[in-house]
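User: I've got this structure open and I'd like to know what backs up the labels people put on it. Can we go through them one at a time?

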Amino acid sequence: MTAASAVAEPADDIDSKSESTITAETNGQTEALPKKKSRKRKLSDGSKNTDKNGSEPPTKKKKRGWTEEEEALYREGLQLYGRDYAKVAKHVGHDRNTAAIRSHSQIYFLKLLAQGTPLPPKVLESGNGYTLGG
């Protein structure tokens, strides 16, 4: 064994030391190394979970469904603009961005395919496939 190498205790010596104890041998002397700390924060006092700067970590936005009004505007936008998702997003408004429109379109097109319903004519101008790109 080389100097300053770390080794775990043999299985039959587990009774004498903790399972998580790691030792290092240096020049024939054995010393216990500190236990590895968990990276997860433990908040036993009920305080808020904060980052280094004292601010709260970002939270994910809760997904919300599409209202009947948004759905109607979305379908109207598809009729007017086809697969121009930026224009459809502007038409729908209500804080729906281009990524939300693309995601909704993917689900909507698959739903139409399963029902055997053809795509809107303006959407077919950019391709007859039921995928986002046509």
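User: Let's start with a charged pair. What makes Arg64 and Glu70 a salt bridge?

Analyst: Keep in mind that this is a predicted model. The closest N and O atoms of Arg64 and Glu70 are 3.2 Å apart. The cut-off is a Lys or Arg side-chain nitrogen within 4 Å of an Asp or Glu carboxyl oxygen, so the pair qualifies. There's a third partner too: Arg64, Glu70 and Arg96 are linked in a network of salt bridges.

User: Are those two buried or exposed, Arg64 and Glu70?

Analyst: Buried means under 20% relative accessible area and exposed means over 50%, with partly exposed in between. Glu70 has 2%, so it's buried. Arg64 has 43%, which lands in the middle range, so Arg64 is called partly exposed.

User: How do you know that Arg75 and Glu71 form a salt bridge, and where do they lie?

Analyst: Their N to O distance is 3.1 Å, and the limit is 4 Å, so they count. Both lie in helix H1, 4 residues apart, which is about one turn of the helix. As for exposure, Glu71 has 15% relative accessibility and is therefore buried. Arg75, at 36%, is partly exposed.

User: And Lys87 with Asp84, why is that called a salt bridge?

Analyst: Same test again: the closest N and O atoms are 3.8 Å apart, and because the cut-off is 4 Å, the pair is accepted. Lys87 has a relative accessible area of 45%, so it's partly exposed. Asp84 is partly exposed as well, at 30%. Across the whole structure, the search finds 5 salt bridges.

User: Which residues line the largest pocket, and what is its volume?

Analyst: The volume is about 420 Å³. The lining is Lys61, Lys62, Lys63, Arg64, Trp66, Asp95, Arg96, Asn97, Ala100, Ser103, His104 and Ile107. So Arg64 and Arg96, from the salt-bridge network, turn up here as well.

User: How many of the lining residues count as charged?

Analyst: There are 6 charged residues, along with 3 nonpolar and 3 polar ones. Asp, Glu, Lys and Arg are what count as charged, so Lys61 and Asp95 are among those in the charged class.

User: Asp95 caught my eye. What makes its backbone stand out?

Analyst: Its phi is near 60°, a positive value in a residue other than glycine. Most residues other than glycine have a negative phi. Asp95 is in the loop between H2 and H3. At 78% relative accessibility it's over the 50% mark, so it counts as exposed.

User: What about His94, where is it found and what is its phi?

Analyst: His94 is in the loop between helix H2 (85-92) and helix H3 (98-115). Its phi is positive too, about 50°, although it is not a glycine. His94 has 38% relative accessibility, between the two cut-offs, so it's partly exposed.

User: Which residues does Gln79 contact, leaving aside its neighbours within four places in sequence?

Analyst: Those are Pro120, Pro121 and Lys122. Gln79 is found in helix H1. It also has Val123 at 7.2 Å, C-alpha to C-alpha, though the two are 44 residues apart in sequence. At 46% relative accessible area, Gln79 falls short of the 50% needed for exposed and is therefore called partly exposed.

User: How many helices and strands are there, and in what pattern?

Analyst: The protein chain has 4 helices and 3 strands, in the order β-β-β-α-α-α-α along the sequence. Of its 134 residues, 20% count as buried. Among contacts with a separation of 6 or more, 38% join residues 24 or more positions apart.

User: Last one: which elements have the lowest and the highest mean pLDDT?

Analyst: Strand E1 (residues 5-8) has the lowest, 52, and helix H1 (residues 68-81) the highest, 95. The chain averages 76, and 57% of the residues score at least 70. Over residues 14-19 pLDDT stays under 50, and the model has 3 contacts beyond four places in sequence for that stretch.

Key: Residues numbered from 1 in each chain as written. Predicted model: local features only at pLDDT ≥ 70, side-chain atom pairs only at ≥ 80, totals over all residues. Heavy atoms only, no water. pLDDT = per-residue confidence, 0-100. Helix = DSSP H or I, 4+ residues; strand = E, 2+ residues; numbered from the N terminus. Contact = heavy atoms within 4.5 Å. 1 Å grid on protein atoms, 1.4 Å probe; cavity = no way out; pocket = protein on both sides within 12 Å on 5 of 7 lines; lining within 4 Å. Points joined across faces, edges and corners; volume = space filled by probe spheres on them. Buried < 20%, exposed > 50% of the residue type's maximum accessible area, 1.4 Å probe, protein only.
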